[in-house]
Amino acid sequence: MAAVAEVVVSSFSFKTGLPPANLVLDVRFLPDPRQLEEEDPYLTGKHNLVEDFIKNHGSFEPFWRQLQDKVLFLLHEFSRRGHSKVGLAFGCTAGKHRSVFVAEALANWLREQMQGAVNVQVLHRDMHAFGEDMSDVVMKEVEALDASNPAPGPVMKCTYHPETKQLDVQEVVQQKPEPTSVCNMLGSGLKNMKLLKERRKTSRENLCGDIGADDEMLTRNTKLCMHQLQQPATM
């Protein structure tokens, strides 16, 4: 039985698509801290203000305890099946606050639990999607981590039910399983993020072009009126 040697914990935005990780969990049931951006638009899930906002909500603690138990169980299961590399992905609306916080918290907790026996990596695919374009930087980090391509692993559907405080995990049957490559896990989302930015840029350029055309026509009409006013009146 091969022990799990590396765990990649990632965050992502549902707007840019699901990453093909071994386990994907939607954390949008947690309170949305975007209202805090009125004070600081650069806040992410790495900041204490966001951490306190989420932790002080009643739904976090029950979820967190169950998540810890499930993750340890799944790592043991992956190890039993002979997989040395595992990808855990957490998604929210923008991929900037809730998913980032949960990914960071879980990675830190795993490092404490494993005490160096497992290499725990953290990647935030979409944290910079609506600010500075960091996609190239992230892809370089991804490629550096993806030195080897591990064997295909199972995919788990993980759903938390706040009303019953239960975290359900079900294995998804795959017809054609893909390797749990870090590049595969994050690259598709980064491509979607770039396409989204290109579409927004094109829309802005088209809008500016339409406005410029309207201004040019208005200028021509104004010059024509001025020319007509300057002509001597005919009796």
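In this predicted model, Q115 counts as exposed, because its relative accessibility of 70% lies over the 50% cut-off. The residue is found in the loop between α3 and β4, just after the end of helix α3. Its backbone also deserves a look: phi of Q115 is near 50°, a positive value in a residue other than glycine. A second case is K165, whose phi is near 60°, again positive in a residue that is not glycine. K165 belongs to the loop between β5 (155-161) and β6. With a relative accessible area of 45%, K165 is partly exposed.

Stepping back from Q115 into the helix before it, α3 covers residues 98-114. The length of this helix can be checked with simple arithmetic. At 1.5 Å a residue, and counting one less than the number of residues, the 17 residues of α3 should span 24 Å; the C-alpha atoms at its two ends are 24 Å apart, so expectation and model agree. Much of the interest of α3 lies in its surroundings. R98, S99, V100, F101, V102, A103, A105, L106, A107, W109 and L110 of this helix are buried. The elements covering these buried residues include strands β1 (6-13), β3 (85-92) and β4 (119-124), together with helices α1 (48-55) and α2.

The packing of α2 on α3 can be described in more detail. Helix α2 (residues 60-80) meets α3 at an angle of about 55°, and the two axes are 11 Å apart. That angle makes α2 oblique to α3, and the crossing is right-handed. On the α2 side, the contact is formed by F60, F63, W64, L67, Q68, V71, L72 and L75, which meet F101, V102, A105, L106, W109, L110 and M114 of α3. By character, the residues of this contact divide into 14 nonpolar, one polar and no charged.

One of the α2 residues in that contact, L67, also leads to another part of the chain. The C-alpha atoms of L67 and L167 are separated by 7.3 Å, although the two residues are 100 residues apart along the chain. L167 sits in strand β6 (residues 166-172). Its relative accessible area is 1%, and L167 is therefore buried, the limit being under 20%. Apart from neighbours within four places in sequence, L167 is in contact with L25, Q66, L67, K70, C158, T159 and Y160.

Notes
Residues numbered from 1 in each chain as written. Predicted model: local features only at pLDDT ≥ 70, side-chain atom pairs only at ≥ 80, totals over all residues. Heavy atoms only, no water. Axes fitted to C-alpha atoms, helices over the stretch in contact; angles between N-to-C directions. Helix = DSSP H or I, 4+ residues; strand = E, 2+ residues; numbered from the N terminus. Parallel < 35°, antiparallel > 145°, perpendicular 65-115°, else oblique. Left-handed = near helix turned anticlockwise from the far one by under 90°. Contact = heavy atoms within 4.5 Å. Nonpolar A, V, L, I, M, F, W, Y, C, P; charged D, E, K, R; others polar. Buried < 20%, exposed > 50% of the residue type's maximum accessible area, 1.4 Å probe, protein only.
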